[in-house]
Structures are given as structure tokens and as C-alpha cells.
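Got the model open and ready to spin? Follow along, selecting each part as it comes up.

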Amino acid sequence: MPGIMLAKRSLIALAVAAAVSPSLVVANETSWSGFGENATYYRDEVGLSKFRNTVQAEFIRPVDTSGSWYNVTLNGVLRATYDGVYDLNSDEFGKDAEQDYLGENWHPDGGASSLLLSAGVPLPCENDEQLCDNLHGYMDDDSQDVRTPDFNDELDFIRELYIDATRDVGEDQLTVRLGKQQVIWGRTDLFRVLDTINPVDYSRHNIYDELEDIRIPQWMLKADLLMGANSVFDDMNFQLIWNFDKFRPNNLGTCGQAYAILDAGCFFSSYLAGTIPIIHDVKLPDRSLENTQGGLKWEGVYGDATFSVNALRYFQQLPSIHWRGPDPGTPAADGVFDIYFPRVSLLGGSLDYYDMNTDATWRVEAAYTQGEELARDLDGHKETDIARYVIGMDKNIIIPALGTRSAFLLSMQVFGQHVLDHEDDMPDAEKNWTGTLLFKGFYMNNRLSPQLLVAHDVKAEATAIAPSISYQPDNHWLVNLALNIKEGGKQKFDWSASALAGEPDVPQWEPLARFSNGPIGVANQEDELQLTVRYGF
């Protein structure tokens, strides 16, 4: 798409010029802020699991205009990351992080599945040329990529770079944001219902980092028509999203990385019977106007309720594996599966309501999707409609007995997923629920903040517990000490191929139970002590 590529290059050039040149039609000086951070994590029985050093700088520069547009600004977020764990603990992570069998980092030796499936090849582009070719463009990071993930071919060190502008349209206002950005729909924590516009980089720290730090920004146009109050609603607006960037899926982590959600990267870089690659090819959507993604949102306020109605047409961000063999029992000799990312249609909405009786804000989000594909045993995948929802409550509570006059924050939510066209050979549960609890306190004029976060996956019988305490001695420094403890990973699932190894109808860990155990259960051996020190400027 030459026109879109030219627009992106022009915007980058404008941003660089505006940030460094005082003479470019600007009204004021550029305002800068940012932080430097070190995150050092120690994993039980493994040792150092993260030594991530990050510098992030944000700028905003007003642009002088004389036409109908006003409040025009150039905005950017730049980030540089170096994770030293791949140099300091190279036996456990990186290109030499070999395992004795597939899934060694989350379950015991798998019996029949270990006989049929080889251990995943760490960083395959440095250890296995064939796998590197098969996985081209997806979960194929090399040592430089995992050490400095922001400096890649996608220029991810430019976290955001966009122009904001406003103009009047009759009695309404039109605000436009054009450039590389994050677009946030919904307010869920850890798990997403409506917030599916940007893909997510789970290799940074599984599901536990803040979404604003792990969303993968995309080149998009966002336009909001702000209509204000009318005879029915206290406020109302419409939003249009056009994502014209190249499609990028969720980053699940390459085999050998410290965080590889569901251990999918190692499964995709393994072999069947020692010679047949699990993955033959990755079918990423071509870059074309037809393959751009887009959505609409109608948002309003009615009394104490804020609501939205959302529609989105996008590509599935999780991989779907398609069987390539001539029949379900005979794999193709040059690779068992191809990976696809099908088109998905989403229709959903949200409702936030402050209830005076409970003195709490209640949140509901729901989404219905068509076109998603989930893993199954017999032929790799099945297309199914899926209903997802979250019900949450946020409440401030004053508890004098805990030694502070400041209110504690209590936040609870239940995330539900119903697979509407479920089959018995699908490892994802037909109906499942995950609950989260956040309890956060504030002491010493909000400079000392203890917190407890708990998440429990019902069907996986998996739990994560993350207590932490943060201390802010002044307006620059922040120190956070945390534990992250997981329990689970005990679910097995039938794999029809196990009969070839003499274990017919014997449930296995590999390869399908990773979906049954979910991101919490598969991380059951990733208990960590975490120290983060940040200096803001």
C-alpha cells in the first residue's frame, strides 16, 4: 500500500523535525516527561528471570494553525528496553535454553506425548534453519530481538506518534487522531472483552503488566464526533476507527524467552516423530486496503450510567492451527499445521453505573464474535461463535482499623467465556469463568501503597496471587516490591495420536492441555520475587 507507507514516513519525518526544530510552525516549546526503570525478577529454582532496563520519553508539542482546526498537537512516546537476563542467565533463557522434553517448564514428563513430540527449539532462527523458515515473521525472534525488543523492523521503539486536531462541525466538535497509537475500548483488567483493537505483547510479562505497556500500537485514524447533551442523553459521541497498519498478531513469546504464554512458542518450534515440523507455514494476512481493520462506537451518558455500543471488524490476534494431512490420522511430511489468522466480527457494549445504595461503580462489558477459530484434536481447529462478558465492581472503603484515613480501593470482576459451537475434542472449556480481586491501600499521604491481586481460573483450577507494596519517597522515585505466585497446571486432555505410542484414551499434557490450563496454569513454575525501581522526570 504505497500511499499508506508514504503517509507513515511523512508523519515520522514531521515528528522528528517538530521535536528538534524550534522553527517549525509551532506555538510553544515541546513538553517532555518520562522515566527510567529497572525491573529485576527472581524465579524460584531458576534464578534471575528478568533484568529489564527501560527508558521511556513522552513529548507533546502544540502546532500553530490559522484555519478551522485548533488544539493541534504532535504527540509521541519513545521507549528503549534492554533485558539483561539473556546475558546474565543464558543457561535458562535464550538460544541455549534447551529442555529435556516439551513442556518441561510447566509439567512432569508427559509419557506418550513426550515420545511423539520433541522439545521445542529455543530461538529457532539461531538453532534450526528449517523451523526459522517455517515460522517466518511470527515467534521467530533472535537473541538481539529478545534483548532489545523495541528495536526491530517494526520500529517499536516509537511506541506512539500521532497528531491530534479539533474542529467545529455545526454545534458539535470533531476530534481527529492520526498516527501510531493505542485505542482503548473497555475497562477490564488482565483479560480483554472489548479492548481488542491493538494486539498485545505477552512476551513482556505474560498477562501481568499493565495493558498500556504491552499493547502493540498500530498506525490508525481515530475520529470522534462530540455531540454533547441533548433532550435524552447528558452526553453523546460517535467514534470511528480505521486501522490501516500491517496486521500484527499477539506476541506469545518465542521458545527460549523468559515469558512465553501457554508455552505456545515451544510447541510451534517442535517436531512430530523427530522429523516432521509442527508448523509448516504462517499465513499472515497480506497488506492491502481490503485487509485493513475498522470499528465504530456509540457512547453516551444517561444520569449515573455511561454506556457504549461497539462494532469491530478485525483479524483474530491468536493463532489458529489448520491440519494439513490427507486425513486426520496422517500428517503431511513437511509440516503438520499451517497457522492462520481469520477475520472476526465483534458486536458488543459496555455499561458503567454508580449505585448510591452500594456506594460503588458497577461495570458490565459484553462481546459476541463470529469467525473465531479455536484448537481441537481431530483437525486442528473449528470456527465458532463466542460470547464473552465481564461484570465488575469498584468501591472505595474507609477502614480506620487498618491505620489510615485514606480510602482503600476494592475492585472485583468476573470474566466469562462461552464457546457456542463447542465440540468434545476442544480443550477450551465450553463455559468458563475467571475471577479477579484487587485490594489496594494508601498510607503516608498516598506515598506508601500495599496491594493484593488475586486471579482464579475456574475450569483450569489455577490461581495467581500477587501481593505487592510500593513506596514513593518523593515526586521522582518509585520502588515496588512484589511476589507473584501461581498454582495449577494439573489438567490433562485426550490426544488421539497418543494411541501411536501405546497409550490410547490416556489423557496427556501435550499438546492440547496448555489450552485447558490457561495462562495461569501453564505458568505454575514461574513463582517470582519482583523488584522494580523507577525514576520519573
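Two strands count as paired if DSSP finds at least two bridges between them. Keep that in mind for the opening stop, and remember throughout that you're looking at a predicted model.

**Stop one: β21 and its partners**

Select β21, residues 462–471. On one side, pick up β22 (477–487): 7 bridges join β21 to β22, and the two run antiparallel. To see one facing pair, show Ala464, which stands opposite Lys486 in β22. β21 and β22 make a hairpin, with 5 residues between them.

Now add β20, residues 448–457. β20 also pairs with β21 in the antiparallel sense, over 10 bridges. Here the residues to click are Val454 and its bridge partner in β21, Ile465. β20 and β21 form a hairpin too, with 4 residues between the strands, and in it Glu461 takes a positive phi near 50°.

Before you leave, turn on the side chains of β21. Which of them are buried? Ala462, Ala464, Ala466, Ser468 and Ser470 point to one face and are buried. Thr463, Ile465, Pro467, Ile469 and Tyr471 point to the other face and are not.

**Stop two: the helix α9**

Next, select α9, residues 513–521. How many of its residues are buried? The count is 8 of 9, so this helix is mostly covered. Among the buried ones are Arg514, Asn517, Pro519 and Ile520. What covers them includes the strands you've just visited, β20, β21 and β22, along with α8.

**Stop three: the largest nonpolar core**

In soluble globular proteins, nonpolar side chains tend to be buried together. For an example here, show Tyr138, Phe268, Leu272, Ile278, Ile279 and Ile339: these have the most contacts inside the largest nonpolar core, which has 61 residues. Elements that give two or more residues to this core include α9, β21, β12 (305–315) and β15 (343–355). The largest share, 4 residues, comes from α8.

Zoom in on Tyr138. Leaving aside neighbours within four places in sequence, Tyr138 is in contact with Pro249, Asn250, Leu252, Phe268, Val282, Pro319, Ile339 and Phe341. If you'd like another core, there's a second, separate one of 10 residues, which includes Ala39, Phe93, Val146 and Tyr259.

**Stop four: an open sheet of three strands**

Two contacts of Tyr138, Val282 and Ile339, lead on to the next stop. Val282 stands opposite Ile339 in β14. β14 covers residues 337–340, runs parallel to β10, and is joined to β10 by 4 bridges.

Colour the whole sheet and you'll find 3 strands in the order β10-β14-β13, with mixed pairing. β10 (279–283) and β13 (320–323) are at the edges with a single partner strand each, so one side of each has no neighbour in the sheet. Neighbouring strands here are turned by 25° against each other on average, direction ignored.

**Stop five: antiparallel strands and an aromatic cluster**

Select β5 (172–181) and β6 (218–226), which run antiparallel and are joined by 9 bridges. Gln173 has Leu226 in β6 as its bridge partner. Leu226 also stands opposite Asn237 in β7. β7 covers residues 235–243 and is joined to β6 by 7 bridges, again antiparallel.

Now look for rings. The structure holds 17 aromatic pairs. Phe233 and Tyr302 form an edge-to-face pair, 6.3 Å centre to centre with 75° between the planes. Phe233 is in the loop between β6 and β7, while Tyr302 is in strand β11 (293–302), 69 residues apart. Is Phe233 buried or exposed? Phe233 is buried, with a relative accessible area of 18%.

Then show Phe238 and Trp298, a stacked pair at 6.3 Å centre to centre and 15° between the planes. Phe238 lies in β7 and Trp298 in β11, so the pair ties together parts 60 residues apart in sequence. Phe238 is partly exposed at 38% relative accessibility, and Trp298 is partly exposed at 26%. Together with Phe307, these four residues, Phe233, Phe238, Trp298 and Tyr302, form one aromatic cluster.

**Last stop: arginines over rings**

Finish with two arginines. Arg167 lies over the face of Trp69, at 5.3 Å from the ring centre. Arg534 lies over the face of Phe35, at 3.7 Å from the ring centre.

Key:
Residues numbered from 1 in each chain as written. Predicted model: local features only at pLDDT ≥ 70, side-chain atom pairs only at ≥ 80, totals over all residues. Heavy atoms only, no water. Axes fitted to C-alpha atoms, helices over the stretch in contact; angles between N-to-C directions. Phe/Tyr/Trp six-rings, centres within 6.5 Å; stacked < 30°, edge-to-face > 60°. Buried < 20%, exposed > 50% of the residue type's maximum accessible area, 1.4 Å probe, protein only. Lys NZ or Arg CZ within 6 Å of the ring centre and 35° of its normal. Core = buried A, V, L, I, M, F, W, Y, C linked by side-chain atoms within 4.5 Å. Contact = heavy atoms within 4.5 Å.
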